[in-house]
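Which contacts hold a fold together, and where do they sit along the chain? This report takes one chain and goes through its core, its helices and its side-chain pairs.

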Amino acid sequence: MTVGEMLTASVPMVRTLNLKYLETTAERAVLSLADQPEYHNHLGGPHAGAMFTLAESASGAIVIAAFGDQLARAVPLPVTTEMAFKKVAKGALTATATLGRPVADVVAELDAGERPEFPVAVEIRRADGAVTSEMSVVWTLRPNR
């Protein structure tokens, strides 16, 4: 089962918004949100909540792809998030997440008994390539007790 299939099966909001996993690796996660009128805002584009869910889901996908082998000993959790809206979003959107620290460094902190934190950056783009918003999420791997 791929990361995208697993997250689609286990996260109801992913299914609600019909998010599609286009790429999920430890280096990059790419998700898409189709243009769906039932999730539009007053401007006729995707609601900010739908965009937030798209970006947060992309960040979660890269975290699972990068640290899925650590799930027996730690649970990934978002710590903080910030989202900036750059341009009006219209139509279908694509979110691309990138990990901000080397996986080995994060795992080394976990091995040392620490609770590592690491950033994930996400860009959301319209079909014309314009960046409509940016999200930064700080994640942690909380060791199981």
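What follows covers the core, two helices, the aromatic pair, the salt bridges and two single residues. The model is predicted.

**The core**

The largest nonpolar core holds 38 residues. Seven of them touch the most other members: Leu31, Leu54, Phe67, Phe118, Val120, Val122 and Ile124. Several elements give two or more residues to this core. The helices among them are helix 1 (3–10), helix 3 and helix 4. The strands are strand 2 (28–33), strand 3, strand 4, strand 5 (117–126) and strand 6. Helix 3 supplies the largest share, with 11 residues.

Leu54 is a useful probe of this packing. Leaving out residues up to four places away in sequence, Leu54 touches Leu19, Leu31, Ser32, Leu33, Leu93, Ala95 and Ile124. Leu31 and Ile124 also appear in the list of core residues that touch the most other members.

**The aromatic pair**

How many aromatic pairs does a search of the whole structure find? It finds 1. The partners are Phe67 and Phe118, with ring centres 4.8 Å apart. Their planes meet at 45°, so the pair counts as tilted. Phe67 belongs to helix 3 and Phe118 to strand 5. The two are 51 residues apart, and the pair links distant parts of the chain. Phe67 is buried at 2% relative accessibility. Phe118 is buried too, with a relative accessible area of 0%.

**Two helices with a buried face**

Helix 1 buries Val3, Gly4 and Leu7. Seen down the helix axis, these residues fall within an arc of 95°, so they line one face of helix 1. Their cover includes helix 2, strand 1 (20–24) and helix 3.

In helix 4 the buried residues are Val106, Val107 and Leu110. They too fall within an arc of 95° when seen down the axis, so they line one face of helix 4. These buried residues pack against helix 3, strand 3, strand 5 and strand 6. On the other side of helix 4, Ala104 and Asp111 are exposed. Just after helix 4 comes Gly113, which takes a positive phi of about 85°.

**Salt bridges**

The count comes to 6 salt bridges. Three of them are tabulated here.

| Salt bridge | Closest N to O distance |
|---|---|
| Arg73 and Asp111 | 2.5 Å |
| Arg126 and Asp128 | 3.0 Å |
| Glu134 and Lys86 | 3.7 Å |

Take the pair of Arg73 and Asp111, set at 2.5 Å, N to O. Arg73 sits in the loop between helix 3 (48–67) and strand 3 (74–85), and Asp111 in helix 4 (residues 103–111), so the bridge ties together parts that are 38 residues apart in sequence. Arg73 is partly exposed at 32% relative accessibility. Asp111 is exposed, at 53%.

The bridge between Glu134 and Lys86 has its N and O 3.7 Å apart. This pair links distant parts of the chain, 48 residues apart. Glu134 lies in strand 6 (residues 131–143), and Lys86 in the loop between strand 3 and strand 4 (93–99). The relative accessible area of Glu134 is 32%, which makes Glu134 partly exposed.

Arg126 and Asp128 form another of the bridges, at 3.0 Å. Arg126 is partly exposed at 22% relative accessibility. The cut-off for buried is under 20%, so 22% leaves Arg126 in the partly exposed class. Asp128 is exposed at 57%.

**A buried glutamine**

Is Gln36 buried or exposed? Gln36 is buried, with a relative accessible area of 8%. Its place is in the loop between strand 2 and helix 3. The Gln36 side chain reaches the backbone oxygen of Leu17 at 2.9 Å. Apart from neighbours within four places in sequence, Gln36 is in contact with Leu17 and Asn18.

**A residue in helix 2**

Met13 lies in helix 2 (residues 12–16). Met13 is partly exposed, at 41% relative accessibility. The C-alpha atoms of Met13 and Asn41 are separated by 18 Å. Along the chain these two residues are 28 residues apart.

Terms used: Residues are numbered from 1 along each chain as its sequence is written. This is a predicted model: local features need pLDDT of at least 70, side-chain atom pairs count only at pLDDT 80 or more; totals for chains, interfaces and linings use all residues. Side-chain values use heavy atoms; hydrogens and water are left out. A salt bridge is a side-chain nitrogen of Lys or Arg within 4 Å of a carboxyl oxygen of Asp or Glu. Helices (H or I, at least four residues) and strands (E, at least two) are DSSP runs, numbered from the N terminus. Buried means under 20% relative accessible area, exposed over 50%, partly exposed in between (1.4 Å probe, protein chains only). A nonpolar core is a set of buried Ala, Val, Leu, Ile, Met, Phe, Trp, Tyr and Cys residues joined through side-chain atoms within 4.5 Å. Contact means heavy atoms within 4.5 Å. A polar contact is a pair of N or O atoms within 3.5 Å; within protein, one must be able to donate a hydrogen and the other to accept it, and residues adjacent in sequence count only if both atoms are side-chain atoms. Rings of Phe, Tyr and Trp (its six-membered ring) pair if their centres lie within 6.5 Å; planes under 30 degrees apart count as stacked, over 60 as edge-to-face and the rest as tilted. The arc is that of the directions from the helix axis to the C-beta atoms.
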